[in-house]
Amino acid sequence: MPAEPIRMTKDEWLKKGRELFGDDMMQWKFVCPSCGHVQRPEDFRPYKDRGATPNSALIECIGRYDGHMHVHIGSGESPCNYASYGLFNFNPVTVTDEDGTEHRCFAFKE
């Protein structure tokens, strides 16, 4: 059974991100919970014509966009094609917005 996600408010999440990586959120580093690939929102820019956005770095492994679609979750290969909105959500962090909406996302690379 997966561990309970780390819970933080949006403000706490933003503060932690800035402490780790600075103010440029495009350079913040996230870890795919399936394969361990480390990625930044900036890494998704070349794939915007395929539907990638900077927020993709928080919920999708870049393998969904960069030609690694044949690499499946749990294979030990990186990057993989994991997406948190599929059947399984392994995302280890839950961020709560001011209005109470919760978002599961990848953890920061610390």
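How do the residues lining the largest pocket divide into nonpolar, polar and charged? Let me start there, since you've got the structure up. The answer is five nonpolar, two polar and three charged. And before anyone asks, yes, this is a predicted model.

So, the pocket itself. The space in there comes to about 220 Å³. If you want to select the lining in your viewer, take Lys10, Trp13, Asn55, Leu58, Ile59, Val95, Asp97, His103, Arg104 and Cys105. Which element gives the largest share of that lining? That would be β5, with three residues. Three elements each bring at least two residues to the lining: α1, which runs 10-21, α2 at 56-59, and β5 at 102-105.

Okay, zooming out to the whole protein. We have two helices and six strands, and going from the N terminus the order is β-α-β-β-α-β-β-β. The protein has 110 residues, and 34% of them count as buried. On contacts: take the ones between residues at least 6 apart in sequence, and 43% of those join residues at least 24 apart. The exposed surface is about 6,600 Å², with carbon and sulfur atoms supplying 52% of that.

Now, the cysteines. How many disulfides does the count come to? Zero. Take Cys32: the nearest cysteine sulfur belongs to Cys80 and sits 3.8 Å away, and Cys32 is in no disulfide. Cys32 also counts as buried, because its relative accessibility is 2%, under the 20% cut-off.

Then there's Cys61. Why is there no bond from Cys61 to the closest cysteine sulfur? That sulfur is in Cys35, 3.7 Å away, so it's too far for a bond; the cut-off for a disulfide is 2.5 Å. Cys61 is buried as well, with a relative accessible area of 0%.

Last stop, Thr101. You'll find Thr101 in the loop between β4, that's 93-96, and β5. Is Thr101 buried or partly exposed? Partly exposed, because its relative accessibility is 34%, and that falls between the 20% and 50% cut-offs. If you leave aside its neighbours within four places in sequence, Thr101 is in contact with Val95 and Thr96. Val95 should ring a bell: it's one of the residues lining the largest pocket.

To recap the pocket: about 220 Å³ of space, and a lining with five nonpolar, two polar and three charged residues. That's my bit, over to you.

Terms used. Residues are numbered from 1 along each chain as its sequence is written. This is a predicted model: local features need pLDDT of at least 70, side-chain atom pairs count only at pLDDT 80 or more; totals for chains, interfaces and linings use all residues. Side-chain values use heavy atoms; hydrogens and water are left out. On a 1 Å grid over the protein atoms alone, a cavity is a set of points where a 1.4 Å probe fits but cannot get out, and a pocket is an open set with protein on both sides within 12 Å along at least five of seven lines; lining residues have an atom within 4 Å of a point. Grid points are joined across faces, edges and corners, and a volume is the space filled by probe spheres set on the points. Helices (H or I, at least four residues) and strands (E, at least two) are DSSP runs, numbered from the N terminus. Ala, Val, Leu, Ile, Met, Phe, Trp, Tyr, Cys and Pro count as nonpolar, Asp, Glu, Lys and Arg as charged, and the others, Gly among them, as polar. Buried means under 20% relative accessible area, exposed over 50%, partly exposed in between (1.4 Å probe, protein chains only). Contact means heavy atoms within 4.5 Å. Accessible areas come from the Shrake-Rupley method with a 1.4 Å probe; for residues, only the protein chains shown count as cover.
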